[in-house]
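Q: Please take one residue in this model and examine its surroundings closely. Then work outward from there, so that the neighbouring elements and the rest of the assembly can be placed around it.

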Amino acid sequence: MSFRTYLLRRILHIIPVMVGLSILIFAISRVIPGDPVRLALGTEATIEQVEQLRHQMGLDRPLHVQYLNYVGGLLRGDFGYSLRTHRNVTKDLLDFFPATLELTTVAMLISIAVGVPLGIVSAVKKDSVGDHASRLIALGGVALPRFWLAILLQILFAYKLGLLPTIGRGPAPPVAITGLYLVDSLIVLDFRSFLISAKHIAMPAFALSVGTLAQIMRLIRASMIDETRRDYALAARSYGLPSNLIVYKYLLKNAFTATLTIIGLSYGFLLGNAFLVEYVFAWPGLAFYGVDALLFKDFNGVIAVTLVVGMAFALVNLLVDILYGYIDPRVRYGER
Amino acid sequence: MARRSVPKIVLAAAAVVALCAVPASVSSQAREVPFTYIEQQIVTAIDPQAAVDESSLHSAINLYDPLLYPNVEKGTMEPRAHLAESWTISPDGKTYTFKLRRGVKFHSGREMTAEDVVFSMDRALRLKRGFSWTWTPVLEVGRTKAVDRHTVRFELKEAYAPFLGTLLLLFVMDRDLIMANLRPGPHGEFGDYGAGMLERTDAGSGPYRMERWERATEMVMARFDDYWRGWKPGQITKVFYKTVMEEATVKTLLMSGQADMVNQWLSPASFQELKVPGIVVKEDPSVQLFHLPMNTKKAPLDNVKVRQAISHVFNYDIAIQQIFIGATKAKGPVPVRVPGWNPQVPVYGRNVARAKQLLAESGVRTEGVTLEYLWIPAIPMERLIGLLLKNNLEEIGIKLELIAEPWSRVVERATKVETTPHLTAIFDTLKYPHVDSHTYGMYHPSCWGTFRCMSFYENPAATKLLEQARRSVDTKEQMRLYMEAQGVIVRDAPSLYIANPLHRIAFREYVKGYRYVGLLGFDNAFYDYTIAR
Amino acid sequence: MTTRAAEWGKMWFRFRQSTLSVLGLAIVVVIVGAALLAPYIAPHPRHAGSFVNFEASLKPPSRTYVMGTDDAGRDVLSRVLFGARISISLGTAVLVLSVVIGVPLGLVAGYWGGRVGSSIMRVTDVFLAVPPIALALAVTAALRPNLTNAMLAISFAWWPWYTRLVYGQVLSIREEQFVEASRGLGAGPMRIAFREILPNVWSPILIKATLDMGFVILTASGLSFLGLGAQPPTPEWGTMIAEGRNYLPGYWWAATFPGLAIFVAVLGFNLLGDGLRDVFDVHIEQWRTGS
């Protein structure tokens, strides 16, 4: 199988999943009890007004027609009208998505920067005190209720120590290019803005990263222990190569391919946690928007967030698979 | 988009830096007086005619001017002159004529005229959103007329007791600005009536203009230099209005000095915690009613004796002293400080024997009956009240199930008798400064389907009294009728009347000029505050 | 001594080698013990129910109330102990439901394959395309908020992970000798799937379930945090954090102890699961789930 065919096949696989997801979430949103139109118009709206908006939004048509209309809109990049924000959901997504992208990316970087070394130490010094300590730290991280940790961090760093701002993303840097504040401020070399943004993102990103960090640490450890048992490591050792060299040269290389997969896989974990972390830090991201849409029964908002999260997850995994298939041709032939 | 406009953002950034990172550098921004306010409820709309909740009204009150204003200087809610300088009322109570103030400028720089008032009222009546329901019984498009450039007249269909009070909510909008920014919409020549534009910015004459609105997180409002009431040193020049939902986070922001004032929705225990040097917790007896409307159309609460039994078994003292920590016991639906409250209204007290007797007389068997109590998770006190009620009801053999749902869902369940729960926890603040709000507005069948009328109360005697009161021109007679109606209603026990809670708010001690008004949102008119560091 | 007993003995020996695994087991035993014995060991058992005593609200830890009291004047320790009951039963219910739905589907998809199998896996992929908590959130929005519905919503998002796990396991063993052998003996597909293959995939299922227990508890507490889970006066840990969090930092005990309980429980199940995995030497894709 050529790389191109592999790529194509991988991309085509996403389509049925996304179609299925859209049907599933569309169905869920339509059984949500109550009348979102009535909600949107407020307590005093007349029955005629409610019916008029319902008609405008096509909610009086049969379900399958509604679904097809919705998908038709999606293909034009139109996620429909939000009953919560009273504007097109597409606009909302464009406003909220960069914040989530920035937050999850920074959290992922922290997880890798801490998780990988911990995993290596743990594997190399298996069953030592260091191994136990790093496993405890990692598993402890996973076990912390995220929203609880978030509140404790706020009390410690913002209130007791006064080091970091409690909530929000801070002011936007002077020029909006990517919508990622850290990147935008660097592009124009505005280090002051960069520092402000970094201070704002520090706590939420850390709170978000603890779980993923643990997952990464655990998998690095497991895969490295596996590798030490493999033939080539044994062979290398029997050639009398110093064990440090084996660790760094052979095992690490393999560990990094493993890390690559893990990044893709734990991205879903990260996005899931973002739902509670963004809420506590009033981080103006997609998950914050999603929870609000959910509590307000804004079904177009709920569908859009779920689809975008699913899409982001699928794309990250696609990217990882492509890289992986590129590095390791065996994958393309379905050996993995 | 405001975000792209460089100079404003630099200013905003500088201000936020000053706030968040280096408090000492404030002095370098000598002219700027920033202020950060924290609200736990999302601002749903910045179009004043779409606003229904307190947070949305905050935007309207600061960005716009209403025709009349509550007399905050005298410490009352009575309407006083504002955009209107004076007014006359015809003897039959149907025609109201207002003389408008001259020289009031909109943020666009244009002078406000009678045409703008006509435009604003007609817009409200056509859009039928927000508080338009207070006018629809007596006005329709065409009944508001510009007599001359500075005179406006309302010709009501019939006399309407609370009319002056409702004009506190008539925020006057810049007609020309809106007409110049119309988009296609369902209102004919008026297109979308400016709804699109008013999602981003304002069209008012108020002390502040909208600088930036980041949906669901932050609203930044900057001083309008040409405001007709003028400016003095120390007044706030820039308001950062932030939405934060977590109670612990809200406290952290105020205690660490990242916020200057936080909203009223914290629990009494949290306000207790905030009583530390540097922070003022201001407590005022409120004109709010906390009650549990009982669905009178749902068995077994359709039996008046069962409702009375419940009213007698609840432990009011614990609720007032230990849950609300300092509240006045509610005496009927009208908060005791509101003119028109009936001091002779019957009051239910805890009397378990009486409750048991009433239940026996009702003939209703309570075995296996579970009542549903609806509360919103954002307000912990409502949970505690539910727990207390659950305990008390067990004494007469009735089970209670507590169900938490977000406010939006409460509003939605209120639309039908079948979906409305047996009991719901409701905080009801006066909507306009008139006893009518808490009588007619809660117990006249015309309001069924709204969260204010979850009792679905129906008693022809009460209905008739309320209708007569509303149409009555003689103030004395009018008040007598409203009082009589209160007596009739309370005897039927359509709600469990619990408390007129204390209104609490907390701010840093250098914030001066805060005063409690009682009317939804008006105490957060940031123009009234000064900063004395 | 039978070889089977010897096998178990060996495994137990290997398990004991790891201090952390033993710690995990100890924690789990304590928590399950607390869940079973709560009515007998709780100092104020009535406080787990609809009892209120507002005069004693938000009292700091003392001899009478070892973990202090909450905003309704109830003993936090007693509620934490009863909370173990609720969390463990909720977790068990979710996992049993996920196994009951997920495992047969995985078996069918893996063993039969073909159109049925690939349709099952397509549907599974759809469920796996979003983080479980996002899906559970969407489902709870459609239901009345209470403990049972939170359990159903989480199960709705959880079963596909078991389908996927079993599917992978079945693919890897369906060509093995013992399966071939019984096929040769004329056993029907039902019999092979449930009698021959299923017993061989139990250990990964159980290990995954152990690890998942913690994540289910975390997810449920997340739903409760948003007010979509257990309702008062239920002493569910997540609900207790949700109720106590408003009183942080001043009255820290109301939210801290239930938070610690969750932390310890999840840690215990994770350590135990990890230990079991090492002993049985199986690989499962655990990392994608979680709250």
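A: Gly310(A) is found in helix H13 (residues 299–327) of chain A, and the model in which it is described is a predicted one. Gly310(A) counts as buried, because 27 C-beta neighbours lie inside 10 Å and the cut-off for a buried residue is 20 or more. Leaving aside residues up to four places away in sequence, Gly310(A) touches Met18(A) and Leu21(A) in its own chain, together with Ala129(C) and Val130(C) in chain C. A further long-range relation links Gly310(A) with Ser22(A): the two are 288 residues apart along the chain, yet their C-alpha atoms are separated by 9.6 Å.

One of these partners, Leu21(A), leads to a contact between two helices. Helix H1 (residues 3–31) of chain A and helix H4 (residues 114–128) of chain C have axes that come within 8 Å and cross at roughly 70°. H1(A) and H4(C) are therefore roughly perpendicular to each other, and their crossing is right-handed. On the H1(A) side the contact is made by Pro16(A), Val17(A), Gly20(A), Leu21(A) and Leu24(A), and on the H4(C) side by Arg122(C), Val123(C), Asp125(C) and Val126(C). Leu21(A) thus appears both in this list and among the residues touched by Gly310(A).

The contact between chains A and C as a whole takes 46 residues from chain A and 39 residues from chain C. On the chain A side, the elements that give two or more residues are H1, helix H6 (129–143), helix H7 (146–160), helix H9 (191–229), helix H11 (243–280), helix H12 (286–295) and H13 of chain A. H11(A) provides the largest share of that side, with 10 residues. The helix that holds Gly310(A), H13(A), is included among the contributors.

The partner chain may be considered next. Chain C has 10 helices and 0 strands, so that its pattern along the sequence reads α-α-α-α-α-α-α-α-α-α. Its C-alpha atoms fill a box of roughly 75 × 50 × 25 Å along the principal axes. Of the 291 residues in chain C, 58% are buried. Among its contacts between residues at least 6 apart in sequence, 71% join residues at least 24 apart.

Chain C also has a part in the largest nonpolar core, which has 354 residues; those with the most contacts inside it are Ala319(B), Ile498(B), Ala136(C), Ile154(C) and Val266(C). Helix H3 (residues 76–112) of chain C gives the most to this core, namely 18 residues. In soluble globular proteins, nonpolar side chains tend to be buried together. Among the named core residues, Ala319(B) touches Phe324(B), Ile385(B), Leu388(B), Ile498(B) and Ala499(B), with residues up to four places away in sequence not counted.

Chain B contains sheets of contrasting pairing. An open sheet of 3 strands, in the order S16-S15-S17, has parallel pairing. Its edge strands are S16 (399–404) and S17 (423–424) of chain B, each of which pairs on one side only. Strand S15 (residues 370–375) of chain B runs parallel to S17(B) and is joined to it by 2 bridges; the bridge partner of Tyr373(B) in S17(B) is Leu423(B). Helix H11 (residues 380–394) of chain B packs on this sheet, touching S15 and S16 of chain B, and its direction makes about 165° with that of S16(B).

An open sheet of 4 strands in chain B, ordered S4-S5-S7-S6, has antiparallel pairing. Strand S4 (84–89) and strand S6 (144–148) of chain B each have a single partner strand, so one side of each is left without a neighbour in the sheet. From one strand to the next, the twist averages 25°. Strand S5 (residues 95–100) and strand S7 (residues 151–155) of chain B run antiparallel and are joined by 5 bridges, and Thr97(B) has Arg153(B) as its bridge partner in S7(B). Helix H3 (residues 114–127) of chain B packs on this sheet, touching S5, S6 and S7 of chain B, with a direction that makes about 175° with that of S6(B).

A residue in chain B may be set beside the starting point. Val281(B) is placed in strand S12 (residues 279–285) of chain B and counts as partly exposed, because it has 17 C-beta neighbours inside 10 Å. Val281(B) and Ile505(B) are 224 residues apart in sequence and 5.7 Å apart in space, C-alpha to C-alpha. Beyond residues up to four places away in sequence, Val281(B) touches Phe271(B), Leu274(B), Lys275(B), Arg504(B) and Ala506(B).

Methods: Residues numbered from 1 in each chain as written. Chains lettered and ligands numbered in written order. Predicted model: local features only at pLDDT ≥ 70, side-chain atom pairs only at ≥ 80, totals over all residues. Core = buried A, V, L, I, M, F, W, Y, C linked by C-beta atoms within 7 Å. Buried ≥ 20, exposed ≤ 12 C-beta atoms within 10 Å, placed from the backbone. Contact = placed C-beta atoms within 7 Å. Pairing = 2+ DSSP bridges. Axes fitted to C-alpha atoms, helices over the stretch in contact; angles between N-to-C directions. Parallel < 35°, antiparallel > 145°, perpendicular 65-115°, else oblique. Left-handed = near helix turned anticlockwise from the far one by under 90°.
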